[in-house]
Amino acid sequence: MSHCILNANSKVEGLSGYAAIISEIVSMLMEKEIAIIQLPCPEMTVYGIKRWGHVREQFDTPFFREKCREIIKPIIYQLIDYVKNGYKIIGIIGIDGSPSCGVSKTCSGDWGGELSANINDAKEKLSTAAFINKSGIFIEEITKLLNSNHLSMPIAAIDEIDVVSSINNIKQLFVKILMNDMKSGRG
Ligand code: SF4
């Protein structure tokens, strides 16, 4: 699961809508005896805790994408080994709305430049920021690496604007996967 689900401190300062951990999702997984791998936080890795909130376009650079691949590769290698040894990977949980970890929703816009240069320009640019139906850069790179390693798994997301219903959706998805496994005698 995305790093900040288990560590709200990694989020852009002031942006977290919860304290420390999204405990509802952790409790749900514990109840179902599903173990957790915490993915690295690409924004914390590259920009640190004092970063501003960004849009997808600002992270869409060859360097950021390369960093995403670099930090996720050790996890991909672990997944390959788990699958090879008969373990079931239930899925990945990202964060909808994030320019990095968004799954089907990310933040996009013509945002950038020097804030102090012309505050009206900055405000105008900021007003272009909006959610669009697309993955964030980190999730895009994860998906490419999963595909190139023939790993197939659902990628669900917690939507920060509606945490409760996204947890319910994830719960239903995971229960469905577990039920299918029990029917087919796996898991
Ligand atoms: S959504 Fe992704 S990039 Fe943003 S804080 Fe969480 S783990 Fe880091």
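Helices H5 and H7 are oblique to each other, because their angle falls in neither the roughly parallel class (under 35 degrees), the roughly antiparallel class (over 145) nor the roughly perpendicular class (65 to 115). The model is predicted, so that local features need pLDDT of at least 70 and side-chain atom pairs count only at pLDDT 80 or more, whereas totals for chains, interfaces and linings use all residues. Residues are numbered from 1 along each chain as its sequence is written, and side-chain values use heavy atoms, with hydrogens and water left out.

**Helix pair**
- The axes of H5 and H7, lines fitted to C-alpha atoms over the stretch in contact with angles from 0 to 180 degrees between N-to-C directions, come within 9 Å and cross at roughly 45°.
- Helices here are DSSP runs (H or I, at least four residues) numbered from the N terminus.

**Cavity**
- There is one cavity of 30 Å³ or more, a cavity being a set of points on a 1 Å grid over the protein atoms alone where a 1.4 Å probe fits but cannot get out, with lining residues having an atom within 4 Å of a point.
- The largest cavity holds about 30 Å³, a volume being the space filled by probe spheres set on grid points that are joined across faces, edges and corners.
- H5 (62-84) and H7 (137-148) each supply at least two lining residues, and H5 gives the largest share, four.

**Ligand shell**
- Residues surrounding the ligand, with a heavy atom within 4 Å of it, include His-3, Cys-41, Arg-51 and Cys-101.
- Helix H1 (3-6) and helix H3 (42-47) each supply at least two residues of this shell.

Note on methods:
1 Å grid on protein atoms, 1.4 Å probe; cavity = no way out; pocket = protein on both sides within 12 Å on 5 of 7 lines; lining within 4 Å.
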